[in-house]
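Reader: I've got this model open on my screen and I'd like a close look at one part of the inside. Could you pick a spot, walk me through it, and then tie it to the rest of the chain?

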Amino acid sequence: MVPYRILGRPLVRKYWDKFFTFTDSVDYFNLVNTFGTLFALHYHSQESRWTAKKLLWTVYRTLYLLSYLSYCYKACWLFNNWEYTTASANVLGALGLCSGALLRLILVELNYPTIRKLQAFLNDRTYLNEDQWAWNQRSKLYRHNNRFLVLLITAITVESVCFLARLLLTRPEFMLQYNGHVLGGPVVQVIYGTVTACWGIIYVLSFIVFYMLLAGFRLEMELLARSFLQLEDILLVDREHAFTMEDQDEQNYWNNLQATLTTRIKRHVELLENLRLFRSIVAPFAFLQYYSTFGLIADSFFVVSFEGFTGYSMAYILFASFLILESLLLCRGVEDLNDLNRLIGTNLYNFDWPRLLQFSVRYRKEYQSVRRTVLLMILQTQQSLRFSYGAHGEISMNSFAELMQKSYSMLTFMLQFRN
């Protein structure tokens, strides 16, 4: 036991410091990328060439594709031998889950260069790097994201293990089949069931990749809004100082004002440019999120309405809760981004500009330039960031409310259909 403790504690401490201790050079996304490799979402490596590890990982991922194809086969056989049973709903629900996870995986793979570019932008913390409050907020976000990631992955893993034990290894429709007959022994079924259960983890993990990017942008927008709020106090001190000094001091005041505004506006432009890239990859993901969530919730309600609240149906209820949580976090995060963007304009609008923009006749051009810049900035920040889920509207808490309303209507229909 002593050697184990001696070796174990440094090892645990090493990984704890790696994933939960914030430093100026730490990678926000190190842990989620590690989980992505572990659960076959994406092979994260600095090397572009093929290695033995990458080849082994590719073989590992192929197991997921083979299990998905087996569910496609079971669904085709089911349609040719259709029966209105819970087993039919189970097969279709599993196929829907695997299809949603596969489409998400494809989206991550196709957009991974963009995802890495956005991760690199958020890992560049040079803006306000000397502000202790900003450092503390970034540290808090790093620890919060990793704890949330570990908690969610642990919860979905436990749910998958329970699902594996109660359903995948006891219900024939979840086993490897050919022409309706189960193939293979217990070892084959355990491997097959484990891979099937991991599809649910991939489904949730792919969401966390986008959620952590969203959380990073939300924090950077919050820091920018705070830096604009602090701008008034800085300028008031400079303004009073300029009035008590000579003409050169007023010249310095206007130069400093323009430089200060330019620094913050440049940061806002950088955020908007990267948010535009983020919006382009979120749109198809949100489209899948919205409609696959509705479809999987409908399938879960179908099973619950026919099985009742049993240990069997509780696995479906728990997974439906994960889907609802995903939609809530996505909609809430996008709405917070829009609110923070508008807050920047509100802060500028509420400044004491009559005092800040007093000017001598000699500096009329500087005054007009600053005023035009501020007005354009206010107008820009009042526009929506326009995150959408396809051509069916913007992502917001209203779209989440619509999803809940449709889900409730579906549950009511299922209960009436059973009666």
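Author: Let's start with a word we'll need: a residue is called buried when its relative accessible area is under 20%, exposed when that value is over 50%, and partly exposed in between. Keep in mind that this is a predicted model.

Now take Asn 274, which is found in helix H8 (residues 247–307). Is Asn 274 buried or exposed? Its relative accessibility is 10%, and the cut-off for buried is under 20%, so Asn 274 counts as buried. Leaving aside residues up to four places away in sequence, Asn 274 touches Leu 118, Phe 121 and Phe 217.

Let's follow that last contact. With the same neighbours in sequence left out, what does Phe 217 touch? Its partners are Leu 118, Phe 121, Leu 122, Leu 271, Asn 274, Leu 275, Phe 278 and Leu 337. So Asn 274 turns up here again, as a contact of Phe 217.

Phe 217 also belongs to the largest nonpolar core, a set of 125 residues. Which members touch the most other members? They are Ile 153, Ile 208, Phe 217, Phe 278, Phe 387 and Ile 395. Helix H7 (residues 186–243) gives the most to this core, with 28 residues.

Stepping back for the wider setting, the protein chain has 12 helices and 2 strands. Read from the N terminus, the elements go α-α-α-α-α-α-β-β-α-α-α-α-α-α. Of the 419 residues in the chain, 48% are buried. Among contacts with a separation of 6 or more, 81% are between residues 24 or more positions apart. As for the outside, the protein chain exposes about 21500 Å², and carbon and sulfur atoms supply 63% of that area.

Back inside, have a look at Ser 67, placed in helix H3 (residues 52–80). Ser 67 has a relative accessible area of 3%, which is under the 20% limit, so this residue is buried too. Its side chain reaches the backbone oxygen of Tyr 64 at 2.8 Å. Not counting residues up to four places away in sequence, Ser 67 touches Tyr 192, Val 195 and Trp 199.

Helix H3 also holds Lys 54. Buried or exposed, at 18% relative accessibility? Lys 54 counts as buried, because 18% is still under 20%. Measuring from C-alpha to C-alpha in the model, Lys 54 and Tyr 43 are 7.2 Å apart in space, and they are 11 residues apart in sequence.

Next, the aromatic rings. A pair of aromatic rings is described by the distance of the centres and the angle of the planes. The model has 20 aromatic pairs, counting rings whose centres lie within 6.5 Å. Take Phe 22 and Tyr 142: their ring centres are 5.9 Å apart and their planes are at 55°, so the pair is tilted. Where do the two sit? Phe 22 is in the loop between helix H1 (2–20) and helix H2 (30–38), while Tyr 142 is in helix H6 (residues 132–168). That puts them 120 residues apart, and the pair links distant parts of the chain. Both Phe 22 and Tyr 142 are buried. Ring pairs also join them with Tyr 28, Phe 29 and Trp 135 into a cluster.

One ring of that cluster, Tyr 28, has a charge for company: the charged end of Arg 125 sits over the Tyr 28 ring, 4.7 Å from its centre. Elsewhere, the charged end of Arg 104 sits over the ring of Tyr 203, 3.8 Å from the ring centre.

Helix H6 has another residue to look at, Val 161. At 48% relative accessibility, Val 161 counts as partly exposed. The C-alpha atoms of Val 161 and Cys 198 are separated by 9.4 Å, with their positions 37 residues apart along the chain.

Finally, two loop residues with unusual-looking backbone entries to check. Leu 128 lies in the loop between helix H5 (112–123) and H6, and its phi is near 60°, a positive value in a residue other than glycine. Leu 128 is partly exposed, with a relative accessible area of 22%. Arg 386 is in the loop between helix H11 (364–381) and helix H12 (397–418), and here too phi is near 60°. Arg 386 is partly exposed at 49% relative accessibility.

Technical notes: Residues are numbered from 1 along each chain as its sequence is written. This is a predicted model: local features need pLDDT of at least 70, side-chain atom pairs count only at pLDDT 80 or more; totals for chains, interfaces and linings use all residues. Side-chain values use heavy atoms; hydrogens and water are left out. Rings of Phe, Tyr and Trp (its six-membered ring) pair if their centres lie within 6.5 Å; planes under 30 degrees apart count as stacked, over 60 as edge-to-face and the rest as tilted. Helices (H or I, at least four residues) and strands (E, at least two) are DSSP runs, numbered from the N terminus. Buried means under 20% relative accessible area, exposed over 50%, partly exposed in between (1.4 Å probe, protein chains only). A charge sits over a ring if NZ of Lys or CZ of Arg is within 6 Å of the ring centre and within 35 degrees of the ring normal. Contact means heavy atoms within 4.5 Å. Accessible areas come from the Shrake-Rupley method with a 1.4 Å probe; for residues, only the protein chains shown count as cover. A nonpolar core is a set of buried Ala, Val, Leu, Ile, Met, Phe, Trp, Tyr and Cys residues joined through side-chain atoms within 4.5 Å. A polar contact is a pair of N or O atoms within 3.5 Å; within protein, one must be able to donate a hydrogen and the other to accept it, and residues adjacent in sequence count only if both atoms are side-chain atoms.
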